[in-house]
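Have a look at the structure below and turn it around for a while. Then we'll walk through it together, one spot at a time.

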Amino acid sequence: CVWWMWEAQHNTFRPNTLTQPCQTERNPSNCVTIPMTSEALPLETPTTTTTATTSPRAAVAAANQEEKGAKKRKNRREFDWSKATFGHFVLKVAYVGTKYHGLAWQDPTACPNCPTVESKLFEALIKCHLIQDRVTCNYSRCGRTDKGVHAAGNYIALNLRLKTQKDGSLASDDYDYPSMLNGVLPSDVRILACTRAPEGFDARFSCKYRAYQYYFPLNGESLDRMQEAADLFVGAHDFRNFCKMDIENVTNYQRRVLSVCVREMPGGVAEFSVTGTAFLWHQVRNMVAVLLLVGAGLEKPSIVTDLLDIDKNPRKPIYEPANESGLVLFDCGFEALPFAPRLPPPPAGQTGAALAGLLAGRGWEPDQNMQGEIALSASAASITGTSGSCSSSHALEAAASAVPAASSPSPTATPTPGPILPMPAPTPAIISAAGPLLQSWGEARRMAAVQACLATAALAGCPAEQVRAREKYTPLLRRACAPSFEEKVESLDAKKRRKGDIVAPADDEGDE
């Protein structure tokens, strides 16, 4: 409680900090008691000048509001998890990774200002009372994307609370999990679809292949040369010269690329698409970096073959990977998921025609009819087939050899590859997921137009070739090289021995 006394001299109340505030020379009847918190009204030191203070009526109102809030928090019942029943579900997630430090959750005590996509997902799941905590929900992820990398179709699997009736029995249907989560998630993280997981499903180990797409602005690169070099990636190779080595977790750098495609898109950009069974850390971005050097005429297409030959070049030349902002995990292949692509994998760039049609045709605007726009997207996504030089004669052979015999389709069945991004009929869940993404797309196109206007004004009368003047280029095979894998392992083992740690075999894990 704070004691207030009437100051006749200043014609106002002031807080009194005396132990016996009413036992003063003033009339005790001038003292009033107002219960309140120190946060609502800090005590002020009286001064000789007239100062504005909070009136007793406002202080009483603030104290009453605080009391009501305290009672509400006190009366709020804790969720009774002892009566909850859980089921294993698969969620398809899309996100714009610009603001996030990757997909994987990071300890906030170790990195307090490092928001991740999973941290936002867990916050939404806990807020909706779908999981109790992060540790006990049997969580698994498919593609572990890096900081700034986006996803149009990543997958997670976890145990979610099931829908129950008033009598406590299980309901015949499940919650609309996508709509529930999209209502509390940030606008740049969306749940596209959800279904019950098959028995024994793991988002990482049940994945059969992954499809990445990288978008880059065209600055005179030869896409034919880039496609010629990209075709050399197809097949099983050792990609240690096209990745960031993580010798503590990865010992096997053999990966299989199923198909590749380089194509021009509307708007002065191009797309590099690659489908493979698995990828190493920074593998796609390093592949793009070398392809851009080939497209610019600074390297020959045969540089890919040279770098894949680890006997000839055991050490990776030092070069920067392509910028992370252009990389998208487009989709992942699974069996028995209704909204995931199936086996065999579609060729890389299969949906490029659909995306090109949308970019070149009528644009999506946030204020247009959402159902019509979703229907347009569904019809465009049904376009199949490849064009130009994107088809690879090695792709289907590589895909067939990459599928284990146990999971191969029946000889009597004729599997047909579906589109990488199947679009079901418009539902509230789809609309809740697509709306914010369409709005951000519109904002990005407006900003692109503004930047094009500014660049055009700045370049008036000045050839663009002079602006793009490059520094003296050093060929990759003449550059300084990083230590080889064997040298890094020897250095790490020596460091562990000095610390007295036991040298244990590494767990093979790596992704973009």
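## A walk through the fold

Let's start with the overall layout: the protein has 12 helices and 12 strands. Keep in mind that what you're looking at is a predicted model. The protein has 512 residues, and 40% of them are buried. On the outside, the accessible surface adds up to about 27500 Å², with carbon and sulfur atoms accounting for 53% of that area.

How do the contacts spread along the sequence? Take the contacts between residues at least 6 apart in sequence: 75% of these join residues at least 24 apart.

Now zoom in on A203. You'll find A203 in the loop between β7 (189-196) and β8 (209-217). Is A203 buried or exposed? Its relative accessible area is 0%, and anything under 20% counts as buried, so A203 is a buried residue. And what touches A203, once we skip the neighbours within four places in sequence? The list is S140, R141, C142, Y155, I156, A157 and F334. While you're there, find Y139 too: Y139 and A203 are 64 residues apart in sequence, yet their C-alpha atoms are 8.7 Å apart in space.

Next up, charges. Side chains of opposite charge can pair when their charged atoms come close. In this model, the count of such salt bridges is 10. One of them pairs K92 with D331, with 3.2 Å between the closest N and O atoms. K92 belongs to strand β4 (residues 86-95) and D331 to strand β12 (residues 327-333), so this pair links distant parts of the chain, 239 residues apart. Where do the two partners stand on accessibility? K92 is buried, at 2% relative accessibility, and D331 is buried as well, at 1%.

Another salt bridge joins the side chains of R240 and D238, at 3.0 Å from N to O. Both ends are under the 20% cut-off for buried residues: R240 has a relative accessible area of 10%, and D238 has 9%.

Now find R315 and E487, whose side chains meet in a salt bridge at 2.5 Å, N to O. Why does this pair tie together parts that are 172 residues apart in sequence? Because R315 sits in the loop between α6 (303-308) and β12, while E487 sits in helix α12. Here the partners are partly exposed: R315 comes in at 36% relative accessibility, and E487 at 33%. Going back to D238 and R240, salt bridges with shared partners join these two and E486 into one network.

Let's finish with charges on the surface. K495, R497, R498 and K499 together form a positive surface patch. To place this patch, follow K495, which is part of helix α12 (residues 485-499). K495 has a relative accessible area of 43%. That value is between the 20% and 50% cut-offs, so K495 counts as partly exposed. Recall that helix α12 also holds E487, the salt-bridge partner of R315.

Terms used
Residues are numbered from 1 along each chain as its sequence is written. This is a predicted model: local features need pLDDT of at least 70, side-chain atom pairs count only at pLDDT 80 or more; totals for chains, interfaces and linings use all residues. Side-chain values use heavy atoms; hydrogens and water are left out. Patches are made of residues with over 30% relative accessible area and no salt bridge: like charges are joined within 9 Å, nonpolar side chains (Val, Leu, Ile, Met, Phe, Trp, Tyr) within 5 Å. Accessible areas come from the Shrake-Rupley method with a 1.4 Å probe; for residues, only the protein chains shown count as cover. A salt bridge is a side-chain nitrogen of Lys or Arg within 4 Å of a carboxyl oxygen of Asp or Glu. Lys and Arg count as positive and Asp and Glu as negative; His and the chain ends are not counted. The place of a charge is taken as NZ of Lys, CZ of Arg, CG of Asp or CD of Glu. Helices (H or I, at least four residues) and strands (E, at least two) are DSSP runs, numbered from the N terminus. Buried means under 20% relative accessible area, exposed over 50%, partly exposed in between (1.4 Å probe, protein chains only). Contact means heavy atoms within 4.5 Å.
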